[in-house]
Amino acid sequence: MSVYQNLYQNATNIITTFYESTKQLDYDLYAGVDIPSLNWAERLWMSWYNWVGNPVLATGIFAFLMHELIYFGRCIPWILIDNYGQSWAGKYKLQEAKKPSTKQQWECTKYVLKTHFSVELPQIYLFHPMAASVGMKTWQVPFPTWQTMFYQIALFFIMEDAWHYFAHRALHHRSIYKYIHKLHHEFSAPFGLAAEYAHPIEILVLGIGTVGGPLLWCWASGGNMHLITMYTWITLRLFQAVDAHSGYDFPWSLNKFFPLWAGADHHDFHHQAFSNCYSTSFRYIDYIFGTDQKYHAFRDKQKAAKAAAKAGQKVEKVDDHFKED
């Protein structure tokens, strides 16, 4: 059999398997499960998959609705702060003079919704077959222990951060920047809704880090992962992305207690300077490769200016113009 025949056969098998996996099931997924031993969440999980009857469809619907609820739900507090909370939160805004207008927020929302339905929805629907192909437990119960979920999610944060750093930095290369990543930098002072305001190609490229890490781990560990862990990871990742674009750095922000955490303070500078601070969750990779030097220099100037102002000294405007790497 030739190489081309092998490729054709493999493609046919994949399509056939996918088609069969989307057909309505006529048997009980949970025959033999000890239902009394399950907790309330596991019983709800089981009820959902039994009610829909099709694991691929059940996962696709739930994952998409969860994504929309978490993403826009997490954006709402930042929208309220931007529009109604400046009396107390304004002093914590990283770029004090730049507040998103209602028009900017609405245009951003419309674009994000468009990409959610046209770019992310197909990916989410296809996730179940991909997860099943690497042995991930999807409809099964019971859930893994919280200890198992904790170490796996910690690993996913590290894997995604590394992928994001190098992919993000590549998107800043002058040969392709204006075609793809420039769209995301339309807002030099970001706000929560702008976290997923990006070109479709960027969504696909950076999304590999979010989805690919868990799939790779699941394959390498022989299927030692459950879909509930993936959902928890996605929820935390969405929180991180929205908060990093919020434009606010509070005394109670996570980076104040966990110095390796990037947070809005780190990523806001990236939007302001169009360079430096390429990581998403942590700071150490930028430190290793020296792509945080402008960030530290600028923050040091800001601190010195605030100290001088507090002492009643004349303060020069801190230069906020940067050369792109």
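These legends describe close-up views of a predicted model.

**View 1. The whole protein is built from helices and has no strands.** The secondary structure comes to 11 helices and 0 strands. Along the sequence, the pattern reads α-α-α-α-α-α-α-α-α-α-α. Of the 325 residues, 46% count as buried. Among contacts with a separation of 6 or more, 71% join residues 24 or more positions apart. The protein exposes about 17,800 Å². Carbon and sulfur atoms supply 66% of that area.

**View 2. The largest nonpolar core has 54 residues.** Trp45, Tyr49, Tyr71, Cys108, Met136 and Leu227 touch the most other members. Helices H2 (40-52), H3 (55-84), H5, H6, H7 and H8 each supply at least two residues of this core. H3 gives the largest share, 10 residues. Another core, of 5 residues, lies apart from it. Phe269, Ala273, Tyr295 and Phe298 are among its members.

**View 3. Cys108 and its contacts are shown close up.** Which residues does Cys108 touch, not counting those up to four places away in sequence? They are Phe187, Phe191, Leu193, Ala194 and Tyr197.

**View 4. Thr115 sits in helix H5 (residues 102-133).** Is Thr115 buried or exposed? Its relative accessibility is 2%, so Thr115 counts as buried; the cut-off for buried is under 20%. Leaving aside neighbours within four places in sequence, Thr115 is in contact with Glu120, Glu196, Ala198 and Ile203.

**View 5. Helix H6 covers residues 146-171.** At 1.5 Å a residue, its 26 residues should span 38 Å. The end C-alpha atoms are 36 Å apart, which agrees. Buried residues of H6 include Met149, Gln152, Ile153, Phe156, Phe157 and Glu160. Asp161, His164, Tyr165, Ala167, His168 and Leu171 are also buried. Many steps in such a list can be read with one rule in mind. An α-helix has 3.6 residues a turn, so residues three or four places apart point the same way. What covers the buried residues of H6? The cover includes helix H7 (200-220), H8, H9 and helix H10 (284-288).

**View 6. A nonpolar patch lies on the surface.** The patch measures about 670 Å². Trp88, Trp252, Leu254, Phe257, Phe258 and Leu260 make it. Where is Phe257? Phe257 is in the loop between helix H8 (227-244) and helix H9 (263-273). Phe257 counts as exposed because its relative accessibility is 61%, and the cut-off for exposed is over 50%.

How values were computed
Residues are numbered from 1 along each chain as its sequence is written. This is a predicted model: local features need pLDDT of at least 70, side-chain atom pairs count only at pLDDT 80 or more; totals for chains, interfaces and linings use all residues. Side-chain values use heavy atoms; hydrogens and water are left out. Patches are made of residues with over 30% relative accessible area and no salt bridge: like charges are joined within 9 Å, nonpolar side chains (Val, Leu, Ile, Met, Phe, Trp, Tyr) within 5 Å. Accessible areas come from the Shrake-Rupley method with a 1.4 Å probe; for residues, only the protein chains shown count as cover. A salt bridge is a side-chain nitrogen of Lys or Arg within 4 Å of a carboxyl oxygen of Asp or Glu. Helices (H or I, at least four residues) and strands (E, at least two) are DSSP runs, numbered from the N terminus. Buried means under 20% relative accessible area, exposed over 50%, partly exposed in between (1.4 Å probe, protein chains only). Contact means heavy atoms within 4.5 Å. The expected span of a helix is 1.5 Å times one less than its number of residues. A nonpolar core is a set of buried Ala, Val, Leu, Ile, Met, Phe, Trp, Tyr and Cys residues joined through side-chain atoms within 4.5 Å.
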